[in-house]
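Thanks for coming, everyone. I'd like to walk you through one model today, element by element, so please keep the picture open while I talk.

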Amino acid sequence: MKTKIAVVGCGPSGLCAIKNCISEGFEVVAFEQTSEIGGEWNSNLEVGPNVHSKIYEGLQINFPKELMEFSDFSYDKNITEVFLTPDKVQNYFLKYTEKFDLRKHIKFNHKIINVRPIDDKWEIIVKDLKNDEYKTITCDKVLICVGISTPWIPKIEGLNDFEGKIIHSRDYRSTKMFENKKVLLIGSGFSAFDIIIAIDKVAEKVTWVRKIKEAHAPFLKIKLSSKSTEKTILIKRFTKSGAEFEDGSFEEFEIIAFATGYDFTFPFLSVDSGISVYDKLVQPLYKQIINANRPSMAIIGLPSFSLRMPMFELQIKFCMQYWSNRKIFPSKEEMLEDIQKDFKLRGVYINRNSHNAHYLGLKNHEFYYQDLAETAGIANIKICLIKMSTHIGKHTFENFHTFRNFKYKILNDFEFSCDCLENQKDENERNQNCVIAKMLKLSI
Ligand SMILES: Cc1cc2nc3c(=O)[nH]c(=O)nc-3n(C[C@H](O)[C@H](O)[C@H](O)COP(=O)(O)OP(=O)(O)OC[C@H]3O[C@@H](n4cnc5c(N)ncnc54)[C@H](O)[C@@H]3O)c2cc1C
């Protein structure tokens, strides 16, 4: 009998999971709670508890298209832009689905409600949202590909007392609600950067509170108008009308906007699934993928500040190596030991900074891909893509306002070009890139 795999979620990672399960000869059944594929890229600018996509007006992709595709399917050759708009990314996933005939494996409008282990199998309760019916299925393995959807808001005294509007970036779609308002924006990530640049143009004034230094990354500078201010001092408490800061200052606001990221939540996992989540740490996960308590379950896409699509593909191929028995998992003890070793290497301390446990960043992402590839005996992400993403990561932090103006191009499996590297002032960087590329070519 064929091994039966359930895929939960049909965003980019779920689609790649279905495709690879089929190539492997597994039977696959995939569930998607919305009526279309694409996950985050299936945007319609609506908000609400049943809307998954958080894409907002004016969002520009932060990676060149070559970093947003799977190795077995490229963007249309006629697309000349480097940084695409979200609709073009969604179109890519529609074409990918068509090319590999994935739709017939997907049950749309089906939400996974419960996943629990029964002996060495998984019992899944799924709700057919259109017919308001519950069904139960049993499968051998589960691939969880649900992305992120639960807003994370820091605990600060008095938030419930605030009488103005409170919004999380999950529900931000346009600048409309901020027009001529006094706004407090809290956050240090890409959404915060995009939102501050956009609302700075329409609000009466914006006070932006961010961390002094983004985790594992240089301090990113944003140019703001004179009516906006940036603060790195913390908020002490909220009041009915505003916020009091740690330095004793007080400001009045009409809207508080949190762009503070998301919690990892898997509300459908039973308590005996073997997985627990605490302070953004999902554990115990071998290589941040495999449920060490029950290795027939995997979670795809957790490591953040990483290449998305190429990493999803690598993680899925990692699972395929083991689930097809070409590789045998280490024992549970060895997996737990490996997790601790990884924490030590990346400086993750439980209860101190477990919050950042799944953050890779410029420092760790290359090592992570290489480790997956070597451990499972599979091909790594192409060197040219890894080097290009590291280069862009640096550029993004050095100049958030202009990094998308550069033209990136893949030259071969090892090298990429960027017009910024042709400037005289970047000669050192250009030489360094060529040296790195040549060294890697020689060592392979
Ligand atoms: C504002 C924003 C901007 C971004 N910009 C970029 C970018 O520029 N470049 C980039 O590479 N990445 C970007 N990302 C990251 C983006 O999330 C990934 O590119 C990618 O979409 C993640 O794929 P995924 O399949 O893991 O999750 P998602 O795309 O989130 O898909 C998850 C799917 O699972 C479904 N699902 C969830 N729970 C259930 C359930 N219980 N039952 C059934 N189905 C379920 C959802 O409906 C959804 O379709 C951005 C994300 C956001 C929020």
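A quick word on numbering before the tour: when I say a strand, I mean a DSSP run of E of at least two residues, and a helix is a run of H or I of at least four, with both numbered from the N terminus. And keep in mind that this is a predicted model.

Okay, the overall layout. The domain assignment splits the protein into three: domain 1 is 4-150 + 262-376, domain 2 is 153-258, and domain 3 is 383-443. Between domain 1 and domain 3, the C-alpha centres are 28 Å apart. Their contact draws on 13 residues from domain 1 and 13 residues from domain 3. On the domain 1 side, the biggest contributor is helix 6, residues 361-376, which puts in three residues. As for the character of that domain 1 side, we have nine nonpolar residues, two polar and two charged.

Now the sheet I like best here. In what order do its five strands come? Reading across, the order is 9-16-10-11-12, the sheet is open, and the pairing is parallel. At the edges you find strand 9 (165-168) and strand 12 (228-231), each of them paired on one side only. From one strand to the next, the twist averages 15°.

Zoom in on one pair inside that sheet. Strand 10, residues 182-186, and strand 11, residues 205-209, run parallel and are held by five bridges. If you want a landmark, go to Ile186: its bridge partner in strand 11 is Val209.

Lying across this is helix 3, residues 190-199. The strands underneath are strand 10, strand 11 and strand 16 (255-258), and the helix runs at about 165° to strand 10. How many of the residues of helix 3 are buried? Seven of the 10 are, so the helix is largely enclosed by the rest of the structure. The buried ones are Ser191, Ala192, Phe193, Asp194, Ile195, Ile196 and Ile199. As a reminder, an α-helix has 3.6 residues a turn, so residues three or four places apart point the same way. The cover over those buried residues includes strand 10, strand 11 and strand 16.

While we're in this part of the chain, there's also a hairpin. Strand 13 (residues 235-238) and strand 14 (residues 242-245) run antiparallel with three bridges between them, and three residues make the connection. Across that pair, Ile235 sits opposite Phe245 of strand 14.

Next, helix packing. Helix 1, residues 12-23, and helix 4, residues 309-323, bring their axes within 9 Å and cross at roughly 40°. That crossing is right-handed. Helix 1 supplies Pro12, Ser13, Cys16, Ala17 and Asn20, while helix 4 supplies Met309, Phe312, Glu313, Ile316, Lys317 and Met320. Sort the contact residues by type and you get seven nonpolar, two polar and two charged.

Let me get to the backbone oddities. Where is there a cis peptide bond? Going from Gln283 to Pro284, omega is near 0°, so to speak of it plainly, that bond is cis. Pro284 is in the loop between strand 19 (281-283) and strand 20 (285-286).

Then two positive phi values, neither of them at a glycine. Asn180 has phi near 60° and sits in the loop between strand 9 and strand 10. Gln288 has a phi of about 60°, and its loop is the one between strand 20 and strand 21 (290-291). Buried or exposed? Asn180 has 9 C-beta neighbours inside 10 Å, so it counts as exposed. Gln288 has 22 other C-beta atoms within 10 Å, so that one is buried.

Last stop, Cys139, in strand 6 (residues 133-139). Here the cut-off matters: a residue is buried if 20 or more other C-beta atoms lie within 10 Å of its own. Cys139 has 20, so it is buried. Leaving out residues up to four places away in sequence, Cys139 touches Lys4, Ile5, Ala6, Lys121, Trp122 and Ile124. And for a sense of distance, Cys139 and Tyr262 are 123 residues apart in sequence, with 29 Å between their C-alpha atoms.

That's my tour. Happy to take questions.

Technical notes:
Residues numbered from 1 in each chain as written. Predicted model: local features only at pLDDT ≥ 70, side-chain atom pairs only at ≥ 80, totals over all residues. Pairing = 2+ DSSP bridges. Axes fitted to C-alpha atoms, helices over the stretch in contact; angles between N-to-C directions. Contact = placed C-beta atoms within 7 Å. Buried ≥ 20, exposed ≤ 12 C-beta atoms within 10 Å, placed from the backbone. Left-handed = near helix turned anticlockwise from the far one by under 90°. Nonpolar A, V, L, I, M, F, W, Y, C, P; charged D, E, K, R; others polar. Domains from an automatic or database assignment.
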